[in-house]
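Please examine the sequence and the three-dimensional structure shown here before reading the briefing.

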Amino acid sequence: MNARFDAIGLVVSDMAASVAFYRRLGFAFPDGAEEQPHAEAELPGGLRLMFDTEETVRSFLPAWQPPAGGGRASLALRCDGPADVDAMYEELVGSGYHGELKPWDAFWGQRYAVVLDPDGNGVDLFAPLASAGE
C-alpha cells in the first residue's frame, strides 16, 4: 500500500477573502473560485492548495469547529531576494493584512517575515541572505 503527498487543505471562513489574499501571493485560483465552496490552485510539482469553506466541512462533519487561539498551520513562501521579502510584506500590510512579524535578518541566514491570512494562518516570507563575499 502506498500514499503520496498530493495537496494542502485549509478550511476558510470567507472564500472570497482567502482567494484574494493568496492570489496576491501568486497562487493561480481559477476565475470564479471566490464564489465556490471548494477551490484549488495548482502548485509547482503538481501539488495543490485546496480551500473548503467552514460550511462545506460541516456538510460532512457537522460537529466541526474552527481551532481556538489562532492558526496552527503556516505556509512558507520563498522570495527571490531579501528586498522582495520586505516589499511583499509592505504590500500585504499596506493592503490591510495583519503583519505578525516584521522583516528581519534571522540568525539562520534568511530575511524572514510573517503575515497572517484572513483566517489567522501564518504565511512566512523568506529569502536567503547573501553570504559573506557575495
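The following briefing describes the chain as a whole, its two sheets, its largest pocket and one loop residue.

The structure is a predicted model, in which local features need pLDDT of at least 70 and side-chain atom pairs count only at pLDDT 80 or more, while totals for chains, interfaces and linings use all residues. Residues are numbered from 1 along each chain as its sequence is written, and side-chain values use heavy atoms, with hydrogens and water left out.

**The chain as a whole**

- The chain contains 3 helices and 7 strands; helices (H or I, at least four residues) and strands (E, at least two) are DSSP runs, numbered from the N terminus.
- Read from the N terminus, the order of the elements is β-α-β-β-α-β-α-β-β-β.
- Along the principal axes, the C-alpha atoms occupy a box of roughly 55 × 40 × 30 Å.
- Of the 134 residues in the chain, 36% are buried, where buried means under 20% relative accessible area, exposed means over 50%, and partly exposed lies in between (1.4 Å probe, protein chains only).
- Among contacts with a separation of 6 or more, 49% join residues 24 or more positions apart; a contact means heavy atoms within 4.5 Å.

**The sheet of four strands**

- Strands of a sheet pair through backbone hydrogen bonds, either parallel or antiparallel.
- An open sheet with mixed pairing is formed by 4 strands in the order E4-E7-E6-E5; two strands pair if DSSP finds at least two bridges between them.
- Strand E4 (74-78) and strand E5 (99-105) are at the edges with a single partner strand each, so one side of each has no neighbour in the sheet.
- From one strand to the next, the twist averages 15 degrees; axes are lines fitted to C-alpha atoms, for helices over the stretch in contact, and angles run from 0 to 180 degrees between N-to-C directions.
- Strand E6 (residues 110-116) pairs with strand E7 (residues 122-128) in the antiparallel sense over 7 bridges, and Val114 stands opposite Asp124 in E7.
- Helix H3 (residues 82-94) packs on this sheet and touches E5, E6 and E7, with its direction at about 15 degrees to that of E6.

**The sheet of three strands**

- The other open sheet has 3 strands in the order E1-E3-E2, again with mixed pairing.
- Strand E1 (7-12) and strand E2 (38-42) stand at its edges, and each has a single partner strand, so one side of each lacks a neighbour in the sheet.
- The twist here averages 20 degrees from one strand to the next.
- E1 and strand E3 (residues 48-53) run parallel and are joined by 6 bridges; the bridge partner of Val11 in E3 is Asp52.
- Helix H1 (residues 15-24) packs on this sheet, touching E1, E2 and E3, and its direction makes about 160 degrees with that of E3.

**The largest pocket**

- The largest pocket has a volume of about 340 Å³.
- A pocket is an open set of points on a 1 Å grid over the protein atoms alone, where a 1.4 Å probe fits, with protein on both sides within 12 Å along at least five of seven lines; lining residues have an atom within 4 Å of a point.
- The volume is the space filled by probe spheres set on the points, which are joined across faces, edges and corners.
- Of its 15 lining residues, Leu25, Phe27, Ala76, Leu77 and Arg78 are the closest to the centre.
- E4 and H3 each supply at least two lining residues, and E4 gives the most, with 4 residues.
- The lining divides into 12 nonpolar, no polar and 3 charged residues; Ala, Val, Leu, Ile, Met, Phe, Trp, Tyr, Cys and Pro count as nonpolar, Asp, Glu, Lys and Arg as charged, and the others, Gly among them, as polar.

**A loop residue**

- Gly120 is found in the loop between E6 and E7 and, at 23% relative accessibility, counts as partly exposed.
- Gly120 and Ala73 are 47 residues apart in sequence, with their C-alpha atoms 8.9 Å apart in space.
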